[in-house]
Amino acid sequence: MGSHDSRAVALGDVDGDGDLDMVMCTRFVGIEVYKNDGQGMYTDSIRSLLVRGCRTVVLGDVDNDGDLDMVVGADTQENSVYFNQ
C-alpha cells in the first residue's frame, strides 16, 4: 500500500461484495481506494480523488440507496460528499 502521509482510514464494503475495503485519506495524493479480495489481501483499485489537504474520510449511506457514500474533510479546499453509484 502507498505511504503518502496517511491522515485517515475508513473501512467499508465499497464495492458491495461482502468484505471490507479500505479508503485512505492521504496528504499528497488525496483519496485512495484499496479493494479486499475476500482473503484479506488489498489491491489498489487505481481509483483516486485528488483532495488537497485531505484530513478525514467517513463512509456511510448518505443518500439511503443501499451503498456506501464518502464524506471527505480537507483543510485547503471545501469538504465534499461523493455519492457511490
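In the predicted model, residue C25 has a relative accessibility of 0% and therefore counts as buried, since the term applies to any residue under 20% relative accessible area. C54 is likewise buried, because its relative accessible area is 1%. These two cysteines are joined to each other by a disulfide, with a distance of 1.8 Å from S to S, and the structure holds one such link. A disulfide is a covalent bond between the sulfur atoms of two cysteines. The link of C25 and C54 is left-handed, with a value of -130° about the S-S bond. The pair connects distant parts of the chain, given that C25 belongs to strand β2, which covers residues 21-26, while C54 belongs to strand β5, which covers residues 54-60, and the two cysteines are 29 residues apart.

The two strands that carry the cysteines are part of a protein chain with seven strands and zero helices, so that the order of elements, read from the N terminus, is β-β-β-β-β-β-β. The radius of gyration of the protein chain is 12 Å, which agrees with the value near 12 Å that a compact globule of 85 residues would have. When the extent is taken along the principal axes, the C-alpha atoms of the protein chain fill a box of roughly 35 × 30 × 15 Å. Among the 85 residues of the protein chain, 34% count as buried. Of the contacts in the protein chain with a separation of 6 or more, 22% are made by residues that lie 24 or more positions apart.

The surface and the charges of the protein chain can be described in a similar way. The accessible surface of the protein chain comes to about 5,200 Å², and carbon and sulfur atoms account for 50% of this area. The side chains of the protein chain include 6 that are positive and 16 that are negative, and a distance of 13 Å lies between the centres of the two sets.

Individual residues add detail to this picture, beginning with a residue of a strand. Y34 is located in strand β3, which is formed by residues 30-36, and Y34 counts as buried because its relative accessible area is 3%. Although Y34 and V23 are 11 residues apart along the chain, their C-alpha atoms are separated by 6.2 Å.

V23 also appears in the surroundings of V14, a residue placed in the loop between β1 (6-12) and β2. When the neighbours within four places in sequence are left aside, V14 is in contact with D21, V23, L59, L68 and N84. V14 is partly exposed, because its relative accessible area of 24% falls between the limit of 20% for buried residues and that of 50% for exposed residues. V14 and D67 are 53 residues apart in sequence, yet the distance between them in space, from C-alpha to C-alpha, is 7.2 Å.

A further loop residue is N64, which is placed between β5 and β6 (69-74). N64 counts as exposed, because its relative accessibility is 69% and the term applies to values over 50%. The backbone of N64 has a positive phi of about 55°, even though N64 is not a glycine.

How values were computed. Residues numbered from 1 in each chain as written. Predicted model: local features only at pLDDT ≥ 70, side-chain atom pairs only at ≥ 80, totals over all residues. Heavy atoms only, no water. Disulfide = S-S within 2.5 Å. Helix = DSSP H or I, 4+ residues; strand = E, 2+ residues; numbered from the N terminus. Buried < 20%, exposed > 50% of the residue type's maximum accessible area, 1.4 Å probe, protein only. Rg over C-alpha atoms; globule rule 2.2 N^0.38 Å. Contact = heavy atoms within 4.5 Å. Areas by Shrake-Rupley, 256 points an atom, 1.4 Å probe, with all protein chains shown as cover. Lys, Arg positive; Asp, Glu negative; His and termini not counted. Charge placed at Lys NZ, Arg CZ, Asp CG, Glu CD.
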